[in-house]
Amino acid sequence: MSVDVKYTTQATATGGRDGRAQTQDGSLDVKLSTPKELGGAGGAGNNPEQLFAAGYAACFLGAMKFVGGQEKIAVPADTTVTAKVGIGPRSEGGFGITADLTISLPGLDKATAETLVEKAHQVCPYSNATRGNVDVGLTVA
């Protein structure tokens with residue numbers, strides 16, 4: 001499948017999970033640290049799973065706003081998406097991740113909220129990138 005790219009960004013990591021990651025323009029510069037659960041020291045710094053969770057949550061909310069605009073559904077200003085990302089060994093070998101999104105759409109009835117979430121899941125770039133590779137759960141809170 002081809003993509004008509006409208007925006008490109010670049011980030012570079014050094015030192016792996018206990019290093020740094022920075023975008024080319026310098027607007028994001030994070031210290032990385034490995035969680036204790038993965039054998040690291042934990043402590044100050046972020047890890048790739050946290051960065052993925054933040055990106056997925058923000059992207060999914062953007063997808064809901066996009067779909068809402070197309071479907072004439074007002075996405076409430078206090079809408080939230082919370083992404084829970086897990087990592088661990090896969091039964092097939094190597095490591096894998098899981099993602100669970102909890103979506104709160106205050107003021108929307110459950111049926112409208114669920115329809116909006118399902119349609120957003122079809123257009124969200126993160127959902128499209130993970131489909132068939134990552135177990136993604138969707139919960140409308």
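A search of the whole structure turns up 3 aromatic pairs. I start with one of them, Phe-52 and Tyr-126: the ring centres are 5.5 Å apart and the planes stand at 50°, so this pair is classed as tilted. Phe-52 belongs to helix H1 and Tyr-126 to helix H3, so the pair ties together parts that lie 74 residues apart in sequence. Please keep in mind that this is a predicted model.

How exposed are the two residues? Phe-52 has 22% relative accessibility and therefore counts as partly exposed. Tyr-126, at 28%, is partly exposed as well. Ring pairs also bring in Tyr-56, giving a cluster of Phe-52, Tyr-56 and Tyr-126. Tyr-56 is itself among the buried residues of H1.

Now the overall layout. The protein has 3 helices and 6 strands. In sequence order the pattern reads β-β-β-α-β-β-α-α-β. The C-alpha trace spans about 45 × 35 × 35 Å along its principal axes. There are 141 residues, and 30% of them count as buried. Of the contacts with a separation of 6 or more, 45% are between residues 24 or more positions apart.

Next, helix H1, which covers residues 48-71. With 24 residues at 1.5 Å each, H1 should span 34 Å, and the C-alpha atoms at its ends are 34 Å apart, so the expected and modelled values agree. At the start of the helix, a side-chain oxygen of Asn-47 comes to within 3.0 Å of the backbone nitrogen of Glu-49. Just past the other end, Lys-72 adopts a positive phi of about 60°.

Which residues of H1 are buried? They are Glu-49, Ala-53, Gly-55, Tyr-56, Ala-57, Cys-59, Phe-60, Leu-61, Ala-63, Met-64, Val-67 and Gly-68. As background, an α-helix has 3.6 residues a turn, so residues three or four places apart point the same way. The cover over the buried residues of H1 includes strands S4 (80-89), S5 (95-104) and S6 (135-140), together with helices H2 (110-123) and H3 (125-130).

That brings me to the sheet. S4, S5 and S6 form an open sheet of 3 strands, in the order S4-S5-S6, and the pairing is mixed. S4 and S6 are the edge strands, each pairing on one side only. Direction ignored, neighbouring strands are turned by 15° against each other on average. The pairing of S4 with S5 is antiparallel and runs over 10 bridges. One position to look at is Gly-88, whose bridge partner in S5 is Gly-96. H1 packs on this sheet and touches S4, S5 and S6, with its direction at about 145° to that of S4. What about H2, and which strands does it lie across? H2 lies across S5 and S6, and runs at about 155° to S6.

One last site is Thr-23, in strand S2, residues 20-23. Is Thr-23 buried or exposed? Its relative accessible area is 13%, which is under the 20% cut-off, so Thr-23 counts as buried. A polar atom of the Thr-23 side chain lies 3.2 Å from the backbone nitrogen of Ser-27. Leaving out residues up to four places away in sequence, Thr-23 touches Gln-10, Ala-11 and Leu-28.

To go back to the opening: the tilted pair of Phe-52 and Tyr-126 joins H1 to H3, and H3 is also among the elements covering the buried residues of H1.

Conventions. Residues are numbered from 1 along each chain as its sequence is written. This is a predicted model: local features need pLDDT of at least 70, side-chain atom pairs count only at pLDDT 80 or more; totals for chains, interfaces and linings use all residues. Side-chain values use heavy atoms; hydrogens and water are left out. Helices (H or I, at least four residues) and strands (E, at least two) are DSSP runs, numbered from the N terminus. The expected span of a helix is 1.5 Å times one less than its number of residues. Buried means under 20% relative accessible area, exposed over 50%, partly exposed in between (1.4 Å probe, protein chains only). Contact means heavy atoms within 4.5 Å. A polar contact is a pair of N or O atoms within 3.5 Å; within protein, one must be able to donate a hydrogen and the other to accept it, and residues adjacent in sequence count only if both atoms are side-chain atoms. Two strands pair if DSSP finds at least two bridges between them. Axes are lines fitted to C-alpha atoms, for helices over the stretch in contact, and angles run from 0 to 180 degrees between N-to-C directions. Rings of Phe, Tyr and Trp (its six-membered ring) pair if their centres lie within 6.5 Å; planes under 30 degrees apart count as stacked, over 60 as edge-to-face and the rest as tilted.
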